[in-house]
Amino acid sequence: MKSIQVGLLGIGVVGSGTFNVLRRNQEEIKRRAGRGIEITQVADLNVARAQELVGPDVTVVNDARAVIANPDIDIVIELIGGYGIAKTLVLEAIAAGKHVVTANKALLAVHGTEIFAAASAKGVMVAFEAAVAGGIPIIKALREGLTANRIQWIAGIINGTTNFILSEMRDKGLDFAVALKQAQALGYAEADPTFDIEGIDAAHKATLMSAIAFGVPVQFDKAYIEGITKLGAADIKYAEQLGYRIKLLGITKRRQGDATKGTVDGIELRVHPCLIPAKRLIANVEGAMNAVVVQGDAVGTTLYYGKGAGSEPTASAVIADLVDITRLHTADPKQRVPHLAFQPNAMSDLPVLPMGEVVTSYYLRLRVADETGVLAKVTGILADAGISIDAVLQREADEIGIEVASGQPQVPQTDVIILTHDCMEARMNAAIAQMQALPTVLEPITRIRKEELA
Ligand code: HSE
(Lines give C-alpha, C1' and ligand atoms only; values in the text may rest on other atoms or scores of the structure.)
Protein backbone atom coordinates (compact mmCIF):
# COMPACT_ATOMS: atom_id res chain seq x y z
CA MET A 1 0.00 0.00 0.00
CA LYS A 2 1.14 3.54 -0.76
CA SER A 3 2.68 5.36 2.20
CA ILE A 4 0.52 7.84 4.05
CA GLN A 5 1.77 11.32 3.22
CA VAL A 6 2.49 13.84 5.90
CA GLY A 7 3.05 17.59 5.67
CA LEU A 8 5.17 19.25 8.35
CA LEU A 9 4.60 22.87 9.37
CA GLY A 10 7.76 24.11 11.09
CA ILE A 11 11.01 22.15 11.14
CA GLY A 12 12.72 23.30 14.33
CA VAL A 13 14.00 21.11 17.15
CA VAL A 14 10.98 18.78 17.34
CA GLY A 15 10.29 18.85 13.58
CA SER A 16 13.79 17.75 12.68
CA GLY A 17 13.67 15.06 15.37
CA THR A 18 10.39 13.81 13.91
CA PHE A 19 11.82 13.72 10.41
CA ASN A 20 14.97 11.88 11.52
CA VAL A 21 13.27 9.27 13.74
CA LEU A 22 10.61 8.59 11.11
CA ARG A 23 13.32 7.99 8.53
CA ARG A 24 15.64 6.02 10.84
CA ASN A 25 12.92 3.67 12.09
CA GLN A 26 10.81 3.62 8.96
CA GLU A 27 10.76 -0.16 8.50
CA GLU A 28 9.77 -0.86 12.09
CA ILE A 29 7.17 1.92 12.07
CA LYS A 30 5.72 0.52 8.83
CA ARG A 31 5.41 -2.96 10.38
CA ARG A 32 3.51 -1.40 13.26
CA ALA A 33 1.31 1.01 11.33
CA GLY A 34 0.47 -1.36 8.48
CA ARG A 35 1.77 1.06 5.87
CA GLY A 36 4.63 3.48 5.44
CA ILE A 37 4.47 7.00 6.88
CA GLU A 38 6.41 9.64 4.99
CA ILE A 39 6.94 13.35 5.42
CA THR A 40 6.75 14.50 1.82
CA GLN A 41 6.34 18.26 2.21
CA VAL A 42 7.70 20.73 4.73
CA ALA A 43 6.79 24.37 5.24
CA ASP A 44 9.30 26.58 6.99
CA LEU A 45 10.23 30.25 6.71
CA ASN A 46 13.90 29.26 6.38
CA VAL A 47 13.57 27.18 3.22
CA ALA A 48 17.31 26.71 2.62
CA ARG A 49 17.94 25.38 6.13
CA ALA A 50 14.88 23.15 5.99
CA GLN A 51 15.93 21.75 2.60
CA GLU A 52 19.34 20.96 4.00
CA LEU A 53 17.75 19.08 6.90
CA VAL A 54 15.39 16.93 4.79
CA GLY A 55 17.43 16.44 1.62
CA PRO A 56 16.41 16.80 -2.02
CA ASP A 57 13.56 14.22 -2.07
CA VAL A 58 11.25 16.28 0.12
CA THR A 59 9.54 19.43 -1.15
CA VAL A 60 10.15 22.48 1.02
CA VAL A 61 8.00 25.60 0.74
CA ASN A 62 7.79 28.77 2.79
CA ASP A 63 3.98 28.86 2.71
CA ALA A 64 2.17 26.56 5.15
CA ARG A 65 -1.03 26.95 3.15
CA ALA A 66 0.61 25.20 0.20
CA VAL A 67 0.93 22.10 2.41
CA ILE A 68 -2.67 22.34 3.60
CA ALA A 69 -3.85 22.71 -0.02
CA ASN A 70 -1.81 19.74 -1.24
CA PRO A 71 -4.36 16.99 -2.06
CA ASP A 72 -1.75 14.24 -1.54
CA ILE A 73 -1.20 15.16 2.10
CA ASP A 74 -3.33 13.17 4.59
CA ILE A 75 -1.89 14.41 7.89
CA VAL A 76 -0.58 17.85 8.82
CA ILE A 77 1.88 18.15 11.73
CA GLU A 78 1.74 21.60 13.33
CA LEU A 79 4.99 22.46 15.14
CA ILE A 80 4.84 26.24 14.86
CA GLY A 81 3.57 26.87 18.38
CA GLY A 82 1.61 29.71 19.97
CA TYR A 83 -2.02 30.74 19.66
CA GLY A 84 -1.65 33.00 16.59
CA ILE A 85 -1.03 31.71 13.08
CA ALA A 86 -0.88 28.15 14.42
CA LYS A 87 -4.58 28.33 15.31
CA THR A 88 -5.55 29.63 11.87
CA LEU A 89 -3.52 26.95 10.14
CA VAL A 90 -4.84 24.11 12.31
CA LEU A 91 -8.44 25.19 11.63
CA GLU A 92 -7.68 25.52 7.91
CA ALA A 93 -6.10 22.06 7.83
CA ILE A 94 -9.18 20.60 9.55
CA ALA A 95 -11.47 22.43 7.11
CA ALA A 96 -9.42 20.92 4.27
CA GLY A 97 -10.14 17.43 5.70
CA LYS A 98 -6.62 16.79 7.01
CA HIS A 99 -5.89 15.02 10.26
CA VAL A 100 -3.72 17.14 12.53
CA VAL A 101 -0.90 16.21 14.90
CA THR A 102 0.31 18.97 17.17
CA ALA A 103 2.62 19.51 20.14
CA ASN A 104 0.97 22.86 20.82
CA LYS A 105 -0.30 22.72 24.41
CA ALA A 106 -0.95 26.48 24.56
CA LEU A 107 -3.22 26.33 21.53
CA LEU A 108 -5.25 23.35 22.74
CA ALA A 109 -5.48 24.46 26.38
CA VAL A 110 -6.95 27.79 25.28
CA HIS A 111 -8.78 26.99 22.02
CA GLY A 112 -9.24 23.22 22.32
CA THR A 113 -13.03 23.35 22.51
CA GLU A 114 -13.29 25.14 19.17
CA ILE A 115 -10.60 23.00 17.52
CA PHE A 116 -11.99 19.63 18.68
CA ALA A 117 -15.52 20.65 17.66
CA ALA A 118 -14.30 21.61 14.18
CA ALA A 119 -12.42 18.31 13.89
CA SER A 120 -15.41 16.23 15.03
CA ALA A 121 -17.68 18.02 12.56
CA LYS A 122 -15.25 17.25 9.76
CA GLY A 123 -14.58 13.67 10.91
CA VAL A 124 -10.83 14.19 11.31
CA MET A 125 -8.52 13.52 14.24
CA VAL A 126 -6.47 16.06 16.19
CA ALA A 127 -3.78 14.18 18.07
CA PHE A 128 -1.62 15.82 20.73
CA GLU A 129 0.44 13.27 22.66
CA ALA A 130 3.50 15.53 22.37
CA ALA A 131 1.68 18.45 24.00
CA VAL A 132 1.93 17.02 27.52
CA ALA A 133 5.15 15.76 29.09
CA GLY A 134 6.98 15.34 25.75
CA GLY A 135 7.99 11.72 25.28
CA ILE A 136 5.89 10.28 28.13
CA PRO A 137 2.75 8.69 26.64
CA ILE A 138 0.52 10.22 29.30
CA ILE A 139 -2.34 11.18 26.96
CA LYS A 140 -2.56 7.60 25.73
CA ALA A 141 -2.40 6.29 29.30
CA LEU A 142 -5.16 8.61 30.56
CA ARG A 143 -7.40 8.31 27.53
CA GLU A 144 -7.06 4.60 26.85
CA GLY A 145 -4.93 2.65 29.33
CA LEU A 146 -6.86 3.95 32.35
CA THR A 147 -10.25 4.14 30.66
CA ALA A 148 -11.83 1.76 33.20
CA ASN A 149 -11.07 4.09 36.08
CA ARG A 150 -12.79 6.91 37.81
CA ILE A 151 -9.72 9.10 38.06
CA GLN A 152 -9.37 10.79 41.44
CA TRP A 153 -6.37 13.01 40.93
CA ILE A 154 -3.31 13.71 38.82
CA ALA A 155 -0.16 15.43 40.03
CA GLY A 156 2.73 16.01 37.68
CA ILE A 157 6.13 17.54 37.29
CA ILE A 158 5.33 18.67 33.79
CA ASN A 159 7.88 21.41 33.20
CA GLY A 160 11.48 20.31 32.89
CA THR A 161 12.97 23.80 33.03
CA THR A 162 11.54 24.57 36.46
CA ASN A 163 12.36 21.11 37.76
CA PHE A 164 15.96 21.62 36.67
CA ILE A 165 16.06 25.00 38.45
CA LEU A 166 14.55 23.57 41.65
CA SER A 167 16.99 20.63 41.58
CA GLU A 168 19.93 23.04 41.26
CA MET A 169 18.59 25.21 44.08
CA ARG A 170 18.31 22.18 46.37
CA ASP A 171 21.56 20.47 45.39
CA LYS A 172 23.78 23.52 45.42
CA GLY A 173 21.88 25.90 47.69
CA LEU A 174 21.58 28.39 44.81
CA ASP A 175 19.15 31.27 44.68
CA PHE A 176 16.48 31.22 42.01
CA ALA A 177 18.11 33.89 39.82
CA VAL A 178 21.45 32.04 39.73
CA ALA A 179 19.83 28.68 38.97
CA LEU A 180 17.77 30.29 36.18
CA LYS A 181 20.94 31.71 34.59
CA GLN A 182 22.48 28.21 34.69
CA ALA A 183 19.39 26.72 33.07
CA GLN A 184 19.61 29.31 30.30
CA ALA A 185 23.33 28.73 29.80
CA LEU A 186 22.68 24.99 29.41
CA GLY A 187 19.84 25.58 26.95
CA TYR A 188 17.07 24.29 29.23
CA ALA A 189 15.37 27.66 29.67
CA GLU A 190 14.36 29.95 26.82
CA ALA A 191 15.83 33.46 26.54
CA ASP A 192 12.34 34.55 27.67
CA PRO A 193 11.57 31.89 30.27
CA THR A 194 8.27 33.47 31.44
CA PHE A 195 5.97 30.61 30.37
CA ASP A 196 8.13 28.08 32.21
CA ILE A 197 9.04 29.89 35.43
CA GLU A 198 5.61 31.47 35.92
CA GLY A 199 3.92 28.07 35.63
CA ILE A 200 1.98 28.88 32.45
CA ASP A 201 3.43 26.02 30.39
CA ALA A 202 2.63 23.57 33.20
CA ALA A 203 -0.89 25.00 33.46
CA HIS A 204 -1.48 24.41 29.73
CA LYS A 205 -0.52 20.77 30.23
CA ALA A 206 -2.51 20.36 33.46
CA THR A 207 -5.56 21.81 31.69
CA LEU A 208 -5.35 19.15 28.99
CA MET A 209 -4.90 16.32 31.50
CA SER A 210 -7.80 17.63 33.58
CA ALA A 211 -10.14 17.63 30.60
CA ILE A 212 -9.19 14.08 29.66
CA ALA A 213 -9.30 12.77 33.21
CA PHE A 214 -12.70 14.18 34.13
CA GLY A 215 -14.48 14.62 30.80
CA VAL A 216 -14.78 18.40 31.12
CA PRO A 217 -13.98 21.02 28.47
CA VAL A 218 -10.50 22.56 28.47
CA GLN A 219 -10.61 25.53 30.85
CA PHE A 220 -7.19 27.13 31.01
CA ASP A 221 -8.75 30.44 32.07
CA LYS A 222 -9.97 28.82 35.31
CA ALA A 223 -6.59 27.36 36.30
CA TYR A 224 -4.81 28.80 39.35
CA ILE A 225 -1.21 29.49 38.36
CA GLU A 226 1.76 30.34 40.54
CA GLY A 227 5.35 29.92 39.36
CA ILE A 228 8.65 29.41 41.17
CA THR A 229 10.12 32.92 40.99
CA LYS A 230 9.46 33.75 44.63
CA LEU A 231 10.89 30.56 46.10
CA GLY A 232 13.83 31.10 48.40
CA ALA A 233 16.75 28.79 49.06
CA ALA A 234 15.83 28.93 52.79
CA ASP A 235 12.40 27.36 52.16
CA ILE A 236 13.95 24.55 50.16
CA LYS A 237 16.33 23.92 53.06
CA TYR A 238 13.60 24.00 55.72
CA ALA A 239 11.39 21.72 53.66
CA GLU A 240 14.25 19.25 53.47
CA GLN A 241 14.72 19.36 57.25
CA LEU A 242 11.03 18.52 57.64
CA GLY A 243 11.29 15.55 55.22
CA TYR A 244 9.86 17.26 52.13
CA ARG A 245 11.02 18.38 48.68
CA ILE A 246 9.61 21.38 46.84
CA LYS A 247 8.43 20.72 43.28
CA LEU A 248 6.36 22.72 40.82
CA LEU A 249 3.30 20.52 40.42
CA GLY A 250 0.40 20.59 38.00
CA ILE A 251 -2.51 19.22 40.01
CA THR A 252 -6.03 18.34 39.04
CA LYS A 253 -8.39 16.65 41.48
CA ARG A 254 -11.98 15.57 41.71
CA ARG A 255 -13.49 17.16 44.83
CA GLN A 256 -16.63 15.84 46.39
CA GLY A 257 -18.77 18.59 47.93
CA ASP A 258 -20.04 18.40 51.49
CA ALA A 259 -23.39 20.12 52.08
CA THR A 260 -22.72 20.41 55.83
CA LYS A 261 -19.60 22.46 55.07
CA GLY A 262 -21.26 24.37 52.26
CA THR A 263 -18.90 22.96 49.62
CA VAL A 264 -19.91 21.79 46.16
CA ASP A 265 -18.68 19.09 43.79
CA GLY A 266 -15.99 20.33 41.50
CA ILE A 267 -12.54 20.02 40.05
CA GLU A 268 -9.34 21.52 41.31
CA LEU A 269 -7.00 22.73 38.58
CA ARG A 270 -3.85 24.38 39.85
CA VAL A 271 -0.13 24.83 39.28
CA HIS A 272 2.09 25.99 42.13
CA PRO A 273 5.20 25.05 44.10
CA CYS A 274 4.38 22.24 46.45
CA LEU A 275 5.99 20.40 49.35
CA ILE A 276 5.83 16.66 48.80
CA PRO A 277 7.19 13.96 51.12
CA ALA A 278 10.80 13.22 50.14
CA LYS A 279 10.06 9.48 50.21
CA ARG A 280 7.56 9.64 47.31
CA LEU A 281 9.02 8.49 44.00
CA ILE A 282 7.96 11.70 42.29
CA ALA A 283 9.86 13.77 44.88
CA ASN A 284 13.03 12.16 43.55
CA VAL A 285 12.52 13.18 39.94
CA GLU A 286 15.45 15.51 39.36
CA GLY A 287 16.87 17.74 36.65
CA ALA A 288 14.84 18.36 33.52
CA MET A 289 12.88 15.11 33.78
CA ASN A 290 9.07 14.96 33.95
CA ALA A 291 6.82 12.61 35.90
CA VAL A 292 3.08 12.28 36.34
CA VAL A 293 1.24 10.41 39.10
CA VAL A 294 -2.31 9.33 38.35
CA GLN A 295 -4.65 7.96 40.99
CA GLY A 296 -7.52 5.87 39.67
CA ASP A 297 -10.14 4.07 41.74
CA ALA A 298 -9.44 0.66 40.20
CA VAL A 299 -5.76 0.78 39.39
CA GLY A 300 -4.59 2.74 42.43
CA THR A 301 -1.53 4.94 41.98
CA THR A 302 0.45 4.83 38.74
CA LEU A 303 3.56 6.81 37.84
CA TYR A 304 4.85 7.84 34.41
CA TYR A 305 8.40 9.14 34.08
CA GLY A 306 10.60 10.34 31.25
CA LYS A 307 11.86 13.22 29.17
CA GLY A 308 9.33 16.00 28.86
CA ALA A 309 11.11 17.90 26.12
CA GLY A 310 13.85 17.59 23.51
CA SER A 311 14.05 16.71 19.88
CA GLU A 312 13.69 12.93 19.71
CA PRO A 313 11.74 12.37 22.95
CA THR A 314 9.04 14.74 21.68
CA ALA A 315 9.33 13.25 18.18
CA SER A 316 8.56 9.88 19.76
CA ALA A 317 5.16 11.23 20.82
CA VAL A 318 4.49 12.96 17.49
CA ILE A 319 5.19 9.75 15.60
CA ALA A 320 3.02 7.70 17.95
CA ASP A 321 0.16 10.00 16.90
CA LEU A 322 1.05 9.54 13.22
CA VAL A 323 0.88 5.76 13.68
CA ASP A 324 -2.46 6.00 15.52
CA ILE A 325 -3.96 8.10 12.74
CA THR A 326 -2.56 5.82 10.06
CA ARG A 327 -4.24 2.83 11.72
CA LEU A 328 -7.53 4.58 12.43
CA HIS A 329 -8.21 7.01 9.63
CA THR A 330 -10.29 4.55 7.62
CA ALA A 331 -12.37 3.63 10.70
CA ASP A 332 -15.83 5.07 11.27
CA PRO A 333 -15.15 8.38 13.09
CA LYS A 334 -17.70 7.39 15.76
CA GLN A 335 -15.58 4.38 16.71
CA ARG A 336 -12.39 6.36 17.22
CA VAL A 337 -11.10 7.34 20.66
CA PRO A 338 -12.71 10.75 21.41
CA HIS A 339 -10.32 13.71 21.45
CA LEU A 340 -10.87 14.30 25.17
CA ALA A 341 -11.46 10.63 26.09
CA PHE A 342 -15.21 11.11 26.73
CA GLN A 343 -17.83 11.23 23.97
CA PRO A 344 -18.47 14.88 23.02
CA ASN A 345 -22.17 14.57 23.91
CA ALA A 346 -21.30 13.13 27.34
CA MET A 347 -19.08 15.88 28.69
CA SER A 348 -19.54 16.93 32.31
CA ASP A 349 -20.27 20.48 33.49
CA LEU A 350 -18.49 19.93 36.81
CA PRO A 351 -17.09 23.37 37.67
CA VAL A 352 -13.43 24.18 38.16
CA LEU A 353 -13.36 25.37 41.77
CA PRO A 354 -12.06 28.84 42.63
CA MET A 355 -8.75 28.63 44.50
CA GLY A 356 -10.42 29.85 47.71
CA GLU A 357 -12.39 26.60 47.81
CA VAL A 358 -9.41 24.31 47.33
CA VAL A 359 -8.54 22.16 50.33
CA THR A 360 -4.89 21.40 50.98
CA SER A 361 -2.26 21.60 53.70
CA TYR A 362 0.37 24.30 54.06
CA TYR A 363 3.95 25.21 54.88
CA LEU A 364 4.19 28.68 56.41
CA ARG A 365 7.37 30.57 57.18
CA LEU A 366 7.23 33.65 59.36
CA ARG A 367 10.22 35.86 60.05
CA VAL A 368 9.40 37.13 63.51
CA ALA A 369 10.89 39.18 66.31
CA ASP A 370 12.25 36.72 68.85
CA GLU A 371 10.06 37.85 71.74
CA THR A 372 8.01 36.10 74.40
CA GLY A 373 4.50 35.22 73.23
CA VAL A 374 5.04 35.55 69.45
CA LEU A 375 4.49 31.88 68.78
CA ALA A 376 1.43 31.83 71.04
CA LYS A 377 -0.15 34.68 69.06
CA VAL A 378 0.54 33.00 65.74
CA THR A 379 -0.75 29.60 66.80
CA GLY A 380 -3.73 31.30 68.47
CA ILE A 381 -4.77 32.85 65.13
CA LEU A 382 -4.52 29.45 63.43
CA ALA A 383 -6.51 27.80 66.24
CA ASP A 384 -9.24 30.48 66.05
CA ALA A 385 -9.47 29.86 62.30
CA GLY A 386 -9.92 26.13 62.94
CA ILE A 387 -6.61 25.31 61.25
CA SER A 388 -4.82 22.40 62.85
CA ILE A 389 -1.01 22.45 63.15
CA ASP A 390 0.96 19.39 62.09
CA ALA A 391 4.52 20.48 62.97
CA VAL A 392 6.48 23.55 64.08
CA LEU A 393 10.15 24.28 63.55
CA GLN A 394 12.04 27.28 64.82
CA ARG A 395 15.41 28.43 63.51
CA GLU A 396 17.52 31.16 65.04
CA ALA A 397 18.94 34.07 63.09
CA ASP A 398 22.52 32.81 63.07
CA GLU A 399 21.38 29.44 61.72
CA ILE A 400 19.58 31.06 58.80
CA GLY A 401 22.25 33.61 58.01
CA ILE A 402 20.26 36.80 58.66
CA GLU A 403 22.55 39.74 58.13
CA VAL A 404 22.20 42.80 60.31
CA ALA A 405 24.12 45.88 59.19
CA SER A 406 26.68 46.91 61.82
CA GLY A 407 25.74 49.92 63.85
CA GLN A 408 22.00 49.42 63.35
CA PRO A 409 19.81 48.41 66.28
CA GLN A 410 19.61 44.65 66.20
CA VAL A 411 16.19 43.09 66.64
CA PRO A 412 16.60 39.42 67.50
CA GLN A 413 14.89 37.52 64.72
CA THR A 414 13.88 33.98 64.16
CA ASP A 415 12.16 31.94 61.48
CA VAL A 416 9.07 30.03 62.57
CA ILE A 417 8.05 27.28 60.16
CA ILE A 418 4.62 25.74 60.55
CA LEU A 419 3.14 22.76 58.74
CA THR A 420 -0.64 22.58 58.89
CA HIS A 421 -3.21 19.90 58.27
CA ASP A 422 -5.75 20.32 55.46
CA CYS A 423 -7.88 23.43 55.40
CA MET A 424 -9.69 25.51 52.85
CA GLU A 425 -7.55 28.10 51.07
CA ALA A 426 -9.94 30.99 51.85
CA ARG A 427 -9.63 30.24 55.56
CA MET A 428 -5.85 30.14 55.31
CA ASN A 429 -5.82 33.46 53.40
CA ALA A 430 -7.75 35.10 56.24
CA ALA A 431 -5.44 33.62 58.87
CA ILE A 432 -2.32 34.76 56.98
CA ALA A 433 -3.73 38.29 56.75
CA GLN A 434 -4.24 38.33 60.53
CA MET A 435 -0.78 36.96 61.27
CA GLN A 436 0.79 39.42 58.84
CA ALA A 437 -0.80 42.29 60.76
CA LEU A 438 1.04 41.34 63.98
CA PRO A 439 3.83 43.89 64.65
CA THR A 440 6.16 41.03 65.54
CA VAL A 441 5.87 39.49 62.06
CA LEU A 442 8.68 41.31 60.29
CA GLU A 443 8.45 40.19 56.67
CA PRO A 444 5.81 38.94 54.21
CA ILE A 445 4.78 35.43 55.25
CA THR A 446 5.85 32.67 52.90
CA ARG A 447 3.09 30.16 52.13
CA ILE A 448 3.75 27.01 50.12
CA ARG A 449 1.06 24.39 49.64
CA LYS A 450 1.75 20.80 50.62
CA GLU A 451 0.44 17.56 49.13
CA GLU A 452 0.99 14.17 50.70
CA LEU A 453 0.17 12.34 47.41
CA ALA A 454 -0.69 9.27 49.44
N1 HSE B 1 9.51 24.25 28.13
C2 HSE B 1 8.97 22.98 28.49
C3 HSE B 1 9.73 22.42 29.68
C4 HSE B 1 9.00 21.96 27.40
O5 HSE B 1 10.66 23.05 30.18
O6 HSE B 1 9.37 21.34 30.13
C7 HSE B 1 7.94 22.19 26.38
O8 HSE B 1 6.69 22.20 26.94
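I began with Phe164, which I find buried in this predicted model, its relative accessible area being 7%. Because the limit for a buried residue is under 20%, I count Phe164 as buried at 7%. Its ring partner is Tyr188, and I note the pair as tilted, with 4.5 Å from centre to centre and 40 degrees between the planes. Is Tyr188 buried or partly exposed? I find a relative accessibility of 39%, so Tyr188 counts as partly exposed. I then placed both residues along the chain: Phe164 belongs to helix H8 (residues 160–172), while Tyr188 sits in the loop between helix H9 (176–185) and helix H10 (194–197), so that the pair links distant parts of the chain, 24 residues apart.

I next looked up how many aromatic pairs the structure holds, and the number is two. The rings of Phe116 and Phe128 have centres 5.6 Å apart and planes at 40 degrees, and so I enter this pair as tilted. Phe116 is in helix H6 (residues 105–122) and Phe128 in the loop between E6 and helix H7 (138–145), so the pair ties together parts 12 residues apart in sequence. I find both Phe116 and Phe128 buried.

I stayed with Phe128 and asked which residues it touches, leaving out those up to four places away in sequence. The list includes Thr102, Leu108, Phe116, Ile139 and Arg143, and further along the chain Leu208, Ile212, Asp321, His339 and Leu340. Phe128 is also one of the residues with the most contacts inside the largest nonpolar core, which has 81 residues; Ile138, Leu142, Ile165 and Val294 are named with it. Which helix gives the most to this core? I find that helix H11 (residues 200–214) does, with 10 residues. I also noted a second, separate core of 32 residues, with Leu22, Ala33, Ala50 and Val101 among them.

I then turned to the sheet, where six strands form an open arrangement with parallel pairing, in the order E3-E2-E1-E4-E5-E6. Its edge strands are E3 (59–61) and E6 (126–127), each of which pairs on one side only. I checked the E6 edge and found two bridges joining it to strand E5 (residues 99–102), the two strands running parallel; Val100 has Val126 in E6 as its bridge partner. Helix H13 (residues 311–328) packs on the sheet, where it touches strand E1 (4–9), E2, strand E4 (75–78), E5 and E6, and its direction makes about 165 degrees with that of E5. I also looked at helix H3 (residues 47–54), which lies across strand E2 (37–43) and E3 and runs at about 160 degrees to E3.

Arg245 was my next entry, and I find it in strand E9 (residues 244–255). Its relative accessibility is 13%, and so this arginine counts as buried. A polar atom of the Arg245 side chain lies 3.3 Å from the backbone oxygen of Ala283. Leaving aside neighbours within four places in sequence, I list Arg245 in contact with Arg170, Glu240, Cys274, Leu275, Ile276, Ala278, Ala283, Asn284 and Glu286.

Last, I looked up Glu371, which is placed in the loop between strand E13 (359–369) and helix H14 (374–384). With a relative accessible area of 48%, Glu371 is partly exposed. How far apart are Glu371 and Phe342 in space, C-alpha to C-alpha? I note 58 Å for the two residues, which are 29 residues apart in sequence.

Terms used:
Residues numbered from 1 in each chain as written. Predicted model: local features only at pLDDT ≥ 70, side-chain atom pairs only at ≥ 80, totals over all residues. Heavy atoms only, no water. Pairing = 2+ DSSP bridges. Helix = DSSP H or I, 4+ residues; strand = E, 2+ residues; numbered from the N terminus. Contact = heavy atoms within 4.5 Å. Axes fitted to C-alpha atoms, helices over the stretch in contact; angles between N-to-C directions. Core = buried A, V, L, I, M, F, W, Y, C linked by side-chain atoms within 4.5 Å. Buried < 20%, exposed > 50% of the residue type's maximum accessible area, 1.4 Å probe, protein only. Phe/Tyr/Trp six-rings, centres within 6.5 Å; stacked < 30°, edge-to-face > 60°. Polar contact = N/O pair within 3.5 Å; in protein donor to acceptor, adjacent residues only side chain to side chain.
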